[in-house]
Amino acid sequence: MTKNDNPYRNLPAVTDVLQVPSVVALEPAHAHDVVVEAIRAELADVRAGLAQGRNGTCTPESIAASIEKRLHHDMKPRLRSVINATGIVLHTNLGRAPIAEEAAKAAYDAAHGYLNLELDLETGKRSSRQNPIRGWVCRLIGAESATVVNNNAAATVIALRTLAQGREVIVSRGQLIEIGGSFRIPDIMSVSGATLREVGTTNITRLSDYEKAITPQTAALMQIHTSNYRIAGFTESVTTAELVALAKKHQLPVIDDIGSGAMLDFNRFGFTGEPIARDSIAAGADLVLFSGDKLLGGPQAGILAGTRACVERIEKDPLMRAFRCDKMTLAALEATLRIYMNEDNALRDIPVLRLLGLPLDELKKRASALAKRLRTIETLTSVESLEDIAYVGGGSLPDQQMKTWIVEVKPRDCSDADFAQRLRLGTPAVMGRVRDGKVVFDVRTILPHQTDDLVEAVRRASTS
Ligand SMILES: *Cc1c(COP(=O)(O)O)cnc(C)c1O
């Protein structure tokens with residue numbers, strides 16, 4: 001075999017490709033190393049192709065032509081905006097709660113400038129980053145004090161560690177939840193150094209079950225909201241007030257993990273059984289724990305509210321330094337909580353509340369309007385708007401269906417799964433539901449300003 005017959009030898013050298021003008025032109029935008037890495041990767045692909053028996057001429061220019069496309073693809077951000085057409089308002093894989101405009105602005109300002117994160121502007125002295133949030137939470141839910149960590153899982157760990165390390169915490173067997181992502185109460189309990197003392201049965205736990213389990217080893221009674229499942233049928237459980245009365249008799253604290261952080265009554269949206277932070281404080285819980293990015297509709301955070309004594313102990317724990325929130329989160333959370341000072345503003349400006357409160361006839365109107373626009377796309381064989389059901393998601397209100405309106409489309413030239421994938425890979429990415437050969441767009445979670453982008457994304461994905 002002569003040199004020219006061996007295709008591997010004919011592959012251009014990296015330095016040759018680097019000299020092609022179109023590659024030289026890439027360098028101001030891309031670091032030299034990144035361009036070299038792309039050329040090497042391209043050459044490796046060509047070599048792999050040759051090994052599989054593919055042939056074809058390969059010149060510095062032909063390699064160069066592929067480099068720009070490859071770099072464009074390789075350098076795309078991996079985190080991208082997604083149009084949420086699933087109808088799931090709190091979609092954990094899509095970042096749970098979209099936050100209020102004002103909250104997003106506050107995070108932006110905090111991020112790219114300086115702020116008095118740990119500075120008292122009046123005295124010029126150092127202060128705690130917890131003070132602003134503490135102030136708003138106390139006013140909103142009537143607690144004596146409050147503090148905030150990265151998420152409710154962290155809140156649970158630090159609460160149990162501070163109040164119960166080396167001792168026992170009594171929990172009903174009906175409330176031993178797994179939230180997902182390995183958040184299981186028994187595991188959290190052992191990580192915190194507390195010992196779980198289970199009482200009652202899955203469906204029935206009485207006050208006497210708690211009372212019988214109290215020993216000198218007991219450090220706290222804990223109540224956990226079964227946020228992502230319901231026990232129905234022959235059931236009995238204890239109210240927060242009853243648990244508090246029992247705990248007071250034995251001078252024990254009550255920890256109440258209410259989960260979703262509802263700040264107002266969700267019956268207004270047709271949802272029942274969702275505990276409200278204020279009610280738990282009013283019932284006398286020593287510590288109430290909840291997420292910032294579920295039904296509260298703010299940034300990811302875990303809020304601990306309750307007695308001054310409990311909160312002070314928690315803030316002294318060394319883990320507090322590891323669990324504390326950053327300035328963007330604190331700024332966004334403060335802005336969110338300020339909106340809640342006026343319930344009408346909250347219903348209008350907190351996206352989660354606004355989306356859950358959309359009237360059915362408004363959703364119907366939006367679905368018809370979207371369907372009308374999608375019918376202009378020739379590569380869709382059917383476009384239909386119809387009523388459907390959806391769920392809140394994010395481990396909230398699991399058994400409670402919500403009526404909604406959807407647009408169901410069927411692509412002409414590809415399968416439903418292919419179409420859904422093309423939609424996900426487009427810019428912006430679109431996430432719908434796939435069902436019976438069709439892709440479903442639920443209009444509840446499609447923000448009004450996204451409609452044009454959605455229509456174009458569907459056109460591209462069904463045509464390509
Ligand atoms: C969601 C949830 C958690 C975990 O909260 P994150 O903010 O996701 O860490 C803990 N407890 C309950 C009851 C929950 O619903």
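Q: Which element gives the largest share of the lining of the largest pocket?
A: That element is α5, with 5 residues. The model is predicted: local features need pLDDT of at least 70, side-chain atom pairs count only at pLDDT 80 or more, and totals for chains, interfaces and linings use all residues. Residues are numbered from 1 along each chain as its sequence is written, and side-chain values use heavy atoms, without hydrogens or water.

Q: What makes a residue part of the lining of the largest pocket, and how many residues line it?
A: A lining residue has an atom within 4 Å of a pocket point; a pocket is an open set on a 1 Å grid over the protein atoms alone, where a 1.4 Å probe fits, with protein on both sides within 12 Å along at least five of seven lines. The lining here has 32 residues. R96, A97, P98, I99 and L447 lie nearest the pocket centre. Two or more residues come from each of β1 (82-84), α5 (101-112), α14 (327-339) and α16 (351-356). These elements are DSSP runs numbered from the N terminus (helices: H or I, at least four residues; strands: E, at least two).

Q: How much space lies in the largest pocket?
A: About 850 Å³. The volume is the space filled by probe spheres set on the grid points, joined across faces, edges and corners.

Q: Why does the largest pocket lie between domain 2 and domain 3?
A: Both domains give residues to its lining, so it lies between them. Domain 2 is 82-91 + 358-463 and domain 3 is 101-349, while domain 1 covers 7-70. The bounds come from an automatic or database assignment. The C-alpha centres of domain 1 and domain 3 are 55 Å apart.

Q: What makes R96 a polar contact of the ligand?
A: A polar contact is a pair of N or O atoms within 3.5 Å. A polar side-chain atom of R96 lies 2.8 Å from a ligand oxygen, within that cut-off. The side chain of S227 puts an N or O atom 2.4 Å from an oxygen of the ligand. For N152, a polar backbone atom is 2.9 Å from a ligand oxygen. Both of these pairs meet the cut-off too.

Q: How much of the ligand does the protein bury?
A: The protein buries 95% of the 380 Å² that the ligand exposes when taken alone. The areas come from the Shrake-Rupley method with a 1.4 Å probe.

Q: Which residues come nearest the ligand, and what makes a residue near?
A: One of its heavy atoms must lie within 4 Å. Of the 13 residues around the ligand, R96, S227, D257, S291 and K294 come nearest. By class, the shell holds 4 nonpolar, 6 polar and 3 charged residues. α7 (152-164) and β8 (254-259) each give two or more residues to it.

Q: Which residues are closest to the centre of the second largest pocket?
A: They are Q175, I224, H225, T226 and S237, out of 30 lining residues. The space is about 620 Å³. β8 gives the most to this lining, with 3 residues. β7 (218-224) and α11 (277-282) each supply at least two.

Q: Which peptide bond is cis, and what is its omega?
A: The bond joining T427 and P428, with omega about -5 degrees. P428 sits in the loop between α18 (416-425) and β13 (429-431).

Q: What is the phi of Q251?
A: Phi is near 55 degrees, a positive value in a residue other than glycine. Q251 lies in the loop between α10 (240-249) and β8.

Methods. A polar contact is a pair of N or O atoms within 3.5 Å; within protein, one must be able to donate a hydrogen and the other to accept it, and residues adjacent in sequence count only if both atoms are side-chain atoms. Ala, Val, Leu, Ile, Met, Phe, Trp, Tyr, Cys and Pro count as nonpolar, Asp, Glu, Lys and Arg as charged, and the others, Gly among them, as polar.
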